[in-house]
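Open the model in your viewer and keep the sequence panel visible. The tour below gives a selection at each stop and then says what is found there.

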Amino acid sequence: MRRLWQKILIKLGIRRPPFPPERHIPLGPVSKVTFVSGEYPLAKLYGDNEITTSRYTWYGFIFQNLSEQAQRIANFYFICVAVVQLFTDSPVTPAISIIPLVFVFAVTLIKQGYEDWLRHKADRCVNHVRVEVVTEDGRLSTIKAMEITVGDIVLCRANDTFPCDLLLLSSSEQNGECFITTASLDGETNLKRFVAPELTKIYDSPDLLARELRGSIICQQPVDDLYTFNGRIHLELSDGQKEVCPIGPGNLLLRGACLRNTDFVYACAVYTGQDTKMMLNSKGKRTKFSQVERKLNLYLALILCFLVGCSVMSTILSFTKAQSGSWYTPPQRISAWIVVQTFLGFIVLYNYIIPISLYVTIEVQKFVGSLFFEWDLNMYCQKINERAKVNTSDLIEEMGQVEYLFTDKTGTLTENCMEFRRFATATGEYSLKDRKLFTVLEASTSRRASGPGDMEPELGKEIELAPSDSITSDSVNTSEQLSVKSIHTLLIVLALCHTVRVERALPGEVKKLGKKKRKRKEVATPSKMFDGLNKIREPPKRGSSALRRASAAQAASQAFRESRRGRKFDVDDYIYQASSPDEKAFVEASRDLGVVYHGLDEVGMHVVTVHGYAVRYRQLDILEFDATRKCMSVVLQPASLKNGEADEQPPVIILCKGAETSMLKRTTPDPEEYKQLASYNDALCEGLFNHTGESAGMDSEKTMRKVTDFASCGLRTLVMGARILSANQWREYKSELDTARGQLDNREQALKIIYSKIESRFMLIGCTGIEDMLQEGVPETITALREAGIQVWVLTGDKEETAVNISYSAGHFFQGMNEARITKQEDLLSCNQELDKQLERIGEAKRLNEDEKFGVVIDGQSLNFALEIPIRPKFIQCCLEASTVLCCRLTPLQKAEVVRLIKESRNPPPVTAAIGDGANDVSMILEAHVSFGLFGKEGRQAVRAADYAFGRFKFLKSAILFHGHTYYIRAGGGSNPSSGSGGSAVGELICFGNLLMITIFITVNLKIYLFSYNLTWIILLGNVLAFLLNLIMFVFLNFFLFPLETGAQLFGTWSVLWGGAGLGTSWIGMIVLVLLALLPDLILRALTDQGWQWRLAELERERIEQDGGQNAAVVNMRMASPIEVKDAFEVSF
């Protein structure tokens, strides 16, 4: 029966069929037409590519939203009371409960409906993007992205975002490579290289794909790991033979990634819709409740118990103590229904203990608070012309209770921009500023950075880099010439030791691209998404890429020739494309200082000009960077003349850059090796060779000192080295290297051995410091949040070393903090042992010094084991013992798991907040209690998913420390039961009821004044108008008989209450009642203010001791009054 029911649901399309163990996908348009998928067709088995992030559907919105609102205890209670009033003999009119209830429900329904409409609108924009697919007749057809199905071959052009997970088949490059950015997935901004399988890279046109491509793809079913993918291609050749080719993560283009520096790619859809890795790493939108609302529900439950108890007692007394002889209580027969009806009547009478006006007041207060949040000019970002945005007003007071803040790194803390700031050589230290070079005074280098962002050293004179003849002359070197020579040597190393590609636009292409850009702006609106569907477009050709490469090669050759003739050459149209942002920063900074990298010329030589003097090098090999070696090397051979004649066997130069921990242990240079360069007349050879016979490089001690200085300023550091080999030595190494690369077994170990032979005996050329540009105000904001008692955790998908460097520069980590690294753990046992080791280390340090600070660093691989149940408590303890935590190489789901880990670390759970700017942060944003999205460069997914959004990270200080704290106090005061009980009815005792109602009105307003630290004219005007309105209403109803029940009851009561013999009694009673009601609050306010005086005096003493009299702008927000917060903000801004 169960199977039959499942088949019916699958047949109706309500439920998806179960996945087979492996995914079989047709390869090629013709193969898709003839493909047999088994019991279910591909469209039903794997679905289409539609993305849904909304919560409601148009046909079920009202019912689903009302059911969600009814789950709130207060709403459910008032619904029950309204039903009782409708279907029983209620002592009061049902309209008193129903009208406010409908208002509350309507406001919430409209607000949540609008928010979900925005999500539907965003989904529509994504689903209706136009994509090009190859048809079976060899043409390109334009369809909507949501119509892509598994097996479709999609054409993606330069700068397009991939609409689903695609298997790369071919590209505009002959070798099948393409470059993409995955910043929206893992936070990494560098270019990543992907390569098409060897069997399919020749199919580079729709005609070939439709006519010759036959086969199938067999791969694993979708998993959420971004870096896991395996499968194989079965290809049918034209001669009837079949070939099999393995595929892996290097062939899979993920949804959300963007194609860069490649004209086009053809790729086959393997995972679509909700099966893509991006969607598997995203959580669904859920309803969030603030801590104030949760506590209010708890108090409501207790009051309900009290109300039920009073109703039961009153029901019992009404039947046991009834006066049967009274004329106004006619005798009645007692039955079960009469007892129940009496009990429900008392429930209705007592239900004013929980006034519905309280919830109306809170909803209105939150709505007005959200408006003030959006209107805050301190949170307006002029750079992107965006003001703060509120997606939900339910959590504005929750910001004031945040204990843990989880933040992304790339695009959230940083600007995604690298800047080459400082470097050191054997002759001194230098700093770049405004494209000029200055010396750095020794006094400033010996001074440690006093805080995050203190990176500006004391500069000396400007260095004028001499033209090339000064570095090639045979005259005696002066001190200044030696400095220039060492600087040029380092800059040439930076201009050659990389994998940067030089691109140059073709004539007329700039204008064409400009038109294309304007056209894209025109079609960006959703209403025009349908334009051009089924429109045939011309397929791209590989010729344009070849022409651009040829243009760049011609430019390099021309630069070499012009330099030999003494002419200048324009390099303004050079575009450097790098897989590493560091390398791009190095090459661009070298160009600004006169050392220009021109790329490969027409004969395959690397061309570099040093102030117009050209040198060429032949690249023999590249030893790519890996995390174990922490360095990369380029093997070059100079093409310069030896004593004016060509040398058949010039020496080989190995240039290497890497982390200091890797490079310093490889430095044992042999001075005899460098004598081979004595007769070569180019800048690099002369820079490496010193005529005095002494080493031209830096010593290890000085290098380490400079690296430490750079790192203390938050700069990312690298060390540069060089080694000279004879041609015969390199041939031996090259033979061993090729052998190791060709091994199938123990390949990594063999490569490690030969790498260690080649990358040794280096001479240290210098060290560099690059600043990963932080957003303005990031260090100050993190410091302010930390001093306010909020722990800041950084969760990023970036590499470990990069993340650590940014943590120091952002103030997340600080100098003097000990690092507890839990990284590169291979299994559960080793991770458990490392946690025990770090816990013991932290405990021992804290026993010796209670103020010892630790920062935990953990990567995604180790986190998988740390979250396992057996060692999960140890990991929580380690994190809670530390001052701060940095998690790197995380997937989007791992970010959410870390947030959930802290939410479950104790009871009651701490309030968590998350902030990010990309699609990879959405899961973390949805998991946190309150979330913030930044208007980032990689889309608006985070902004749509977050509760609040703004333009810069520094606005968190205003959002949390001001708006959150302020509205938490206001919500706490507004949730006081007395604040919503001003409209309570008191039955038939009209005069006494009027007296109580006026007394309550005055008491509530005086209590608001009593706990207000900053009264504005708006508050005062509102209260005066409200008091006058009540007064006018009572006076009017006293003298004029209004044709309503309430008006008739109030007729003449003002004269009775406030005139004649009862005048004195009323006034005395009102004054006594007000004083008695406010007496506890007066005592509490007096004690509280006295406590603040003690606290402020303590803060003043701490400020004098720690800051030497400077202003301490940040105070502990959990112990600060609103006036103190305001004063702190005036100082900080």
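## Stop 1: a covered strand and its partner

Select β28 first: eleven of its twelve residues are buried, so the strand is mostly covered. Keep in mind throughout that this is a predicted model. Now add strand β27, residues 716-725, which pairs with β28 in the antiparallel sense over seven bridges. To find one of these pairings, pick L718, whose bridge partner in β28 is T768.

## Stop 2: two helices side by side

Select helix α23 (residues 727-741) together with helix α24 (residues 747-758). Their axes are 8 Å apart, and the helices pack at an angle of about 165°. Angles over 145 degrees count as roughly antiparallel, and that is how α23 lies relative to α24. The crossing of α23 past α24 is left-handed.

Show the side chains at this contact. From α23, display W730, Y733, E736, L737, A740 and R741; they meet R747, A750, L751, I754, Y755, K757 and I758 of α24.

Leave R741 on screen and add D621, K734 and D738. What links D621, K734, D738 and R741? They are joined in a network of salt bridges.

## Stop 3: a second helix pair

Move to helix α15 (residues 479-496) and helix α18 (residues 581-592), whose axes come within 8 Å and cross at roughly 135°. That angle makes α15 oblique to α18. The crossing of α15 and α18 is left-handed. On the α15 side the contact is made by L491, L494 and A495, and on the α18 side by F586, V587 and S590.

## Stop 4: three salt bridges

How many salt bridges does the structure hold? The count is 37. Three of them are worth selecting one by one.

Begin with E415 and K383, whose side chains meet in a salt bridge at 3.8 Å, N to O. E415 belongs to strand β16 (residues 414-425), while K383 sits in the loop between α12 (356-375) and β14 (389-390), so the bridge ties together parts that are 32 residues apart in sequence. Is each partner buried or exposed? E415 counts as buried at 16% relative accessibility, whereas K383, at 64%, counts as exposed.

Next select R616 and D601, which form a salt bridge of 3.1 Å, N to O. R616 is in strand β24 (residues 613-626) and D601 is in the loop between β22 (595-600) and β23 (606-610); the pair links distant parts of the chain, 15 residues apart. With a relative accessible area of 5%, D601 is buried. R616 counts as partly exposed, at 23% relative accessibility.

Then select K954 and E776, where the closest N and O atoms of the salt bridge are 3.6 Å apart. Both residues are in loops: K954 between β35 (948-950) and α33 (956-974), E776 between β28 (763-774) and α25 (778-787), so this pair ties together parts that are 178 residues apart in sequence. K954 counts as partly exposed at 27% relative accessibility, and E776 is exposed, with a relative accessible area of 55%.

## Stop 5: a sheet of four strands

Select β1, β8, β9 and β10. They form an open sheet in the order β1-β8-β9-β10, with antiparallel pairing. Why is one side of β1 and of β10 left without a neighbour in the sheet? β1 (22-27) and β10 (242-247) stand at the edges, and each has a single partner strand. From one strand to the next the twist averages 20°.

For a closer view, keep β1 and strand β8 (residues 215-220), which pair in the antiparallel sense over six bridges. Pick H24 and you will find I218 of β8 opposite.

## Stop 6: a sheet of six strands

The last selection is an open, antiparallel sheet of six strands, in the order β3-β2-β4-β13-β5-β11. Its edge strands are β3 (140-144) and β11 (252-253), each of which pairs on one side only. Within the sheet, strand β5 (residues 165-171) and strand β13 (residues 264-271) run antiparallel and are joined by six bridges. Finish on L168, whose bridge partner in β13 is A267.

Technical notes:
Residues are numbered from 1 along each chain as its sequence is written. This is a predicted model: local features need pLDDT of at least 70, side-chain atom pairs count only at pLDDT 80 or more; totals for chains, interfaces and linings use all residues. Side-chain values use heavy atoms; hydrogens and water are left out. A salt bridge is a side-chain nitrogen of Lys or Arg within 4 Å of a carboxyl oxygen of Asp or Glu. Buried means under 20% relative accessible area, exposed over 50%, partly exposed in between (1.4 Å probe, protein chains only). Two strands pair if DSSP finds at least two bridges between them. Axes are lines fitted to C-alpha atoms, for helices over the stretch in contact, and angles run from 0 to 180 degrees between N-to-C directions. Angles under 35 degrees count as roughly parallel, over 145 as roughly antiparallel, 65 to 115 as roughly perpendicular and the rest as oblique. A crossing is left-handed if the near helix is turned anticlockwise from the far one by less than a right angle, and right-handed if clockwise. Contact means heavy atoms within 4.5 Å.
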